[in-house]
Amino acid sequence: MPPQPSQPQVRKNILKFLQSFLGIIRILQIVFGAGLWVTIAANKYEGSIHFVLFVAVLFWLLTLALFFLTLLDKQDLVPLLGGERWLCTNLAHDVAAAVLYLPAIGVMIYKTDRNSYCNLELYKHLCLYKVYLTAAVFACLCCLAYLVSVIYGACRKCRGEQTVI
C-alpha cells in the first residue's frame, strides 16, 4: 500500500480541485441537477416527466460520485475506469448526460407548452406551468454545464493530458 499523503497535502489537493475549471463545472452540474429533480419531485408529476426525473437523479448521483472521487483523489481505486482512464470516464459520463438531457429538455418544453393555458390570474385549479417552466430552465442549464464539460474534456484529451485536474 502506498504511503498516505500528509494532511496539509490533502487539503491542498482539495482546494486545487475546487478552484479548477472542472471542479467549478461539477459543482454547477450538482446544483442545477438538484434544482431540477427537487422542482419536479416537490410537485405532482406524471407520464413522461418520469423520464426527466430518472435522468436528473441518475446523473446527479453519478456526478456526485465523480466529484467526490476526484475531490478526494481516489479515482485510482475505481476498477477498470480509474487511473489513466479517468479523463475518458469523465468525458463518457458528460457525453451521456448531455445526450440524455436533450430529450429531457424536449419533454419539459412540451409539458410547459401543454400547461400554458392555466397561466391566467383567474384560473383557480392546480397549475403546473411555473413548475414545468422552472424545471425546463434547470434542464437547459444542466445540459449546458455538461456540454461545456464535454468540450473541456475533449480539448484536454486531444492535448494528450491524462489527469482530470
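**Cysteine pairing and the packing of helices 2 and 3**

In this predicted model, the number of disulfides comes to zero when a disulfide is taken as a pair of cysteine sulfur atoms within 2.5 Å. Cys140 takes part in no disulfide, and the nearest cysteine sulfur, that of Cys143, lies 7.4 Å away. With a relative accessibility of 35%, Cys140 is classed as partly exposed. Cys142 is likewise unpaired, because its sulfur is 8.6 Å from the closest cysteine sulfur, in Cys143, which is too far for a bond. Cys142 is buried, its relative accessible area being 0%.

The arrangement of two helices was also examined. Helix 2 spans residues 21–41 and helix 3 spans residues 49–71; their axes come within 9 Å and cross at roughly 150°. Since angles over 145 degrees count as roughly antiparallel, helix 2 and helix 3 are therefore roughly antiparallel to each other. The crossing of helix 2 and helix 3 is left-handed.

On the side of helix 2, the contact is formed by Gly23, Arg26, Ile27, Gln29, Ile30, Gly33, Ala34, Leu36, Trp37, Ile40 and Ala41. These residues meet Ile49, Val52, Leu53, Ala56, Val57, Trp60, Thr63, Leu64, Leu66 and Phe67 of helix 3. By residue class, the contact of helix 2 with helix 3 comprises 16 nonpolar residues, four polar residues and one charged residue. Among the nonpolar residues are Trp37 in helix 2 and Trp60 in helix 3, while the charged residue is Arg26 in helix 2.

Definitions and conventions. Residues numbered from 1 in each chain as written. Predicted model: local features only at pLDDT ≥ 70, side-chain atom pairs only at ≥ 80, totals over all residues. Heavy atoms only, no water. Axes fitted to C-alpha atoms, helices over the stretch in contact; angles between N-to-C directions. Helix = DSSP H or I, 4+ residues; strand = E, 2+ residues; numbered from the N terminus. Parallel < 35°, antiparallel > 145°, perpendicular 65-115°, else oblique. Left-handed = near helix turned anticlockwise from the far one by under 90°. Contact = heavy atoms within 4.5 Å. Buried < 20%, exposed > 50% of the residue type's maximum accessible area, 1.4 Å probe, protein only.
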